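Welcome, and have the viewer ready. Let's walk through this model together, starting from a single residue and working outwards.

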Amino acid sequence: MISKPPPAADPSAQLEFDGAVIAGAQVPIELLGRLNETPDWRRGAAELPALLARDGYVLLRGALSREAVLVARREVLLQLAAVGEICEPVEAAVASGLSKRAELHPDLSAFWRTVSESPALRAVSHGLALAEASAAVLGCPTVPFDFLWLRTMAQGRSSPLHFDHVYMNRGSQRVITAWIPLGDLPLRAGPLVVVEGSNRFDALIARYRGVDVDRDGLPGSFPMDAIAFAKSHKTRLLTSDFRAGDVLLFDMFTLHGSCDNCLPGGTVRLSCDVRWQAAEDSRDERWFGHPPGGHGGLSYGGLNAARPLGDAYLVR
Ligand SMILES: O=C(O)CCC(=O)C(=O)O
Ligand SMILES: [Fe+2]
């Protein structure tokens, strides 16, 4: 067992809107905004499709059971601790900088599939609460993709800007992403960031509509980092701190990425994203099946997170 003291926790700092860092740079304050809240969304569920159309996303606080999310977090971390990548106590999500994953599980794709299909995780990502929320937001009965994108974001890392459309547009066009923080994620943990108004950037959307990263061999993510993009398009980057139980649902043409994980001491940012689509529509074959084929038939092995954490997670 690998032990290292967890970084000092400061619970009072958890809900501060204390600035964000993207690609190593502080987001200028005039470019940074908060995601719109949707208070009382349970009572006004009929409004959700209009809110999705207006903003490109809806932020539903406490839509999932906080307890269930924390159990899922723990189940994932225990499996990472079992391959020596996460220190005890696992809840702190501190990377050891070491890994026995490849040695213990030569089939890395199969290992990541097992972690991604952890029953406690699936209870959150594929459960009734998200079935109801996604149906309310899309305005029709929904089904989830079988494939789940589980993220173990290392210190200093972020996700570049992209539209999800280019990765998953072979079936239904009525698809939404559910981004689920696995734990309490303050801004410095590097949560999701949305480009304000991007769901109405019609010219940009027209350039990406129908692009298929696998068929066209194009990179899905934007070459420009989020700060440069927001400056050049005279818009803002919207984000928020998140609590376990919150979910952010967004459209395939809402431009997004993440802030940098600035948590101290090699703490990993854990989240997952899963797609829900109109139940009656056709399905993108890459993301359904047991296991789903994924990009290039690589299934779960095609994800960055399927690689051992090892050196990438060393504190620098
Ligand atoms: O969590 C991240 O860093 C990126 C997530 C994302 O791109 C998504 O949920 O579609
Ligand atoms: Fe995405």
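Start at valine 137, remembering that this is a predicted model. Beyond its neighbours within four places in sequence, valine 137 touches Leu48, Pro49, Leu52, Val58, Ile176 and Leu249. Several of these names will come back as we go.

**The core around valine 137**

Val137 is one of the residues with the most contacts inside the largest nonpolar core, along with Tyr57, Val76, Ala178, Val247 and Leu249. That core has 83 residues. In soluble globular proteins, nonpolar side chains tend to be buried together.

Val137 itself belongs to helix H6 (residues 128-138), where Leu130, Ala133, Ser134, Ala136 and Leu138 are buried as well. Just after H6 comes glycine 139, with a positive phi of about 75°.

**Strand S10 and its partners**

Now turn to strand S10 (residues 247-251), in which 5 of 5 residues are buried. Which residues cover the two faces of S10? Val247, Leu249 and Asp251 lie on one side, with Leu248 and Phe250 on the other, and all are buried. An aspartate is thus listed among the buried residues of this strand.

S10 has pairings with S4 and with S7, set out here:

| Strand joined to S10 | Bridges and direction | Residues standing opposite |
|---|---|---|
| S4 (residues 57-60) | 4 bridges, antiparallel | Tyrosine 57 and phenylalanine 250 |
| S7 (175-181) | 4 bridges, antiparallel | Isoleucine 176 and aspartate 251 |

Ile176 is also one of the contacts of valine 137, and Tyr57 is among the best-connected residues of the core.

**Another helix to look at**

In helix H4 (residues 108-116), the buried residues are Phe111, Trp112, Arg113, Val115 and Ser116. These buried residues pack against helix H2 (66-82), helix H3 (101-104) and strand S6.

**Around the ligand**

What surrounds ligand 1? The shell consists of Arg151, Met153, Ser159, Asp164, Thr177, Trp179, Leu192, His256, Ser258, Ser271 and Asp273. Strands S6 (149-153), S7 (175-181), S11 (256-258) and S12 (269-278) are the elements that give two or more residues to this shell. By character, the shell residues divide into 3 nonpolar, 5 polar and 3 charged.

S7 therefore deserves a second look in the viewer: S7 is joined to S10 by its bridges, and S7 also gives residues to the ligand shell.

**Less covered positions**

Is aspartate 202 buried or exposed? Aspartate 202 counts as exposed because there are 10 C-beta neighbours inside 10 Å, and the cut-off for exposed is 12 or fewer. This residue lies in helix H7 (residues 202-208). Between aspartate 202 and phenylalanine 253 there are 51 residues in sequence, but 9.6 Å in space, C-alpha to C-alpha.

Arginine 61, in the loop between S4 and H2, is partly exposed, with 16 other C-beta atoms within 10 Å. Arginine 61 and glycine 257 are 196 residues apart in sequence, and their C-alpha atoms are 20 Å apart.

**Zooming out**

The whole protein has 9 helices and 12 strands, and 47% of its 316 residues count as buried. Its radius of gyration is 19 Å, which agrees with the value near 20 Å for a compact globule of 316 residues. Along the principal axes, the C-alpha atoms fill a box of roughly 50 × 45 × 40 Å. Of the contacts between residues at least 6 apart in sequence, 82% join residues at least 24 apart.

Conventions: Residues are numbered from 1 along each chain as its sequence is written. Chains are lettered from A and ligands numbered from 1 in the order in which they are written. This is a predicted model: local features need pLDDT of at least 70, side-chain atom pairs count only at pLDDT 80 or more; totals for chains, interfaces and linings use all residues. A residue is near a molecule or strand if its C-beta atom, placed from the backbone, lies within 6 Å of it. Ala, Val, Leu, Ile, Met, Phe, Trp, Tyr, Cys and Pro count as nonpolar, Asp, Glu, Lys and Arg as charged, and the others, Gly among them, as polar. The radius of gyration is taken over C-alpha atoms; the globule rule is 2.2 Å times the number of residues to the power 0.38. A residue is buried if 20 or more other C-beta atoms lie within 10 Å of its own, exposed if 12 or fewer, and partly exposed in between; C-beta atoms are placed from the backbone. Two residues are in contact if their C-beta atoms, placed from the backbone, lie within 7 Å. A nonpolar core is a set of buried Ala, Val, Leu, Ile, Met, Phe, Trp, Tyr and Cys residues joined through C-beta atoms within 7 Å. Two strands pair if DSSP finds at least two bridges between them.
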